[in-house]
Amino acid sequence: MSEFGFLIPAFQSIIIASTPLVFAALGELVSERAGVLNLGVEGMMIMGAVVGFGCIIAGFPPIMAFAFAALAGLGMALLFGIMTLFLYANAVATGLALTLFGLGLSALIGSQYVGLSAGAFPKVHIPVLSDLPIVGPLLFSHDALVYVSLALAIALIWFFKRTRAGLIVRAVGDDHDAAHAIGYNVVAIRMGAVLFGGAMAGLGGAYLSVVQTPLFIENMTAGRGWIALALVVFASWRPGRVLLGAYLFGGITIIQLHVQGFGIAIPSQILSMLPYLATIVVLTVISARAIGAQQGAPRSLGKIFKVTR
């Protein structure tokens, strides 16, 4: 058992570091499957982080804190949806503006929370399974949100492959004109997908500030929203691959921390860059495979839809 003493906490740390990415990337995947590219994931995550943390500090139970964080992300997504789907604003510019707005507003709201701690978040104890040697701590001793993120990935796999609603969302993302011609409300479907993506980003941000850290500091998302966007491309718009990709990048984040702990003579700045360098490398490889990079990409992604009369 002692020889696994290092692996167990390291594996648990990887799960915790990956969970915010799972929520944010799965939410963005649904949005992009419907044909909407939202570059405001970073802004929605940071707003979820500050709202969730603020609710915990105010004494709200965790379930309400995460619910309000999801609503904060949803509110940001609603603003994005109105601007792009109804007012036909440029989605790229609007997404970037949303990120800047979220970073600035969260810094203003969160200034009162700097230096405070949310305390340890409780883990779920599953009778018998959590007490198993090695397997118990590895798989059955995590907090509830970890299992929710796994269930969400499985649910989305089923949703897109087995349900009529999932097929409709995919149809809207692949050819919005054809979907409109057969009677589907493209704008309403896309707005629903955008709102879902915002809620998941807010939930991921709250997990970061309430569970992973647990504290709030300015700009604490530190580019995780952009990594979530990259994960969707990396996964070829498939929920199962998003889950694997999130754990891969989470693992890289934790590995660089342990390398620093071992005292290996590598500048800490280079180690801190590893998750982002990995993102660049992965996207470069995908871009180099021009044909493969387009497989699975919604054909109407990023295109403005206007109802013609």
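User: What is the volume of the largest cavity in this structure?

Analyst: Happy to help! This is a predicted model, and its largest cavity comes to about 130 Å³. The residues closest to the centre of that cavity are Thr 84, Leu 85, Arg 190, Lys 303 and Ile 304, out of 14 that line it.

User: What makes those 14 residues count as lining the largest cavity?

Analyst: A lining residue must have an atom within 4 Å of a cavity point, and 14 residues line this one. Helix H3 (62-86) and helix H9 (186-212) each give two or more of them, and H9 gives the most, with three residues.

User: Why is Thr 84 classed as polar and Leu 85 as nonpolar?

Analyst: Leu is on the nonpolar list, while Thr is on neither the nonpolar nor the charged list, so Thr counts as polar. By class, the whole lining of the largest cavity has nine nonpolar, three polar and two charged residues.

User: How many cavities of 30 Å³ or more does the structure hold?

Analyst: There are two. The second largest has a volume of about 40 Å³. Among the residues that line this second cavity are Ala 24, Glu 28, Asn 38, Met 44 and Gly 198. Helix H1 (7-33), helix H2 (41-57) and H9 each supply two or more residues to that lining.

User: What makes Gly 198 polar here?

Analyst: Good one! The classes place Gly among the polar residues, so Gly 198 is counted there. The lining of the second largest cavity divides into five nonpolar, five polar and one charged.

Conventions. Residues numbered from 1 in each chain as written. Predicted model: local features only at pLDDT ≥ 70, side-chain atom pairs only at ≥ 80, totals over all residues. Heavy atoms only, no water. 1 Å grid on protein atoms, 1.4 Å probe; cavity = no way out; pocket = protein on both sides within 12 Å on 5 of 7 lines; lining within 4 Å. Points joined across faces, edges and corners; volume = space filled by probe spheres on them. Helix = DSSP H or I, 4+ residues; strand = E, 2+ residues; numbered from the N terminus.
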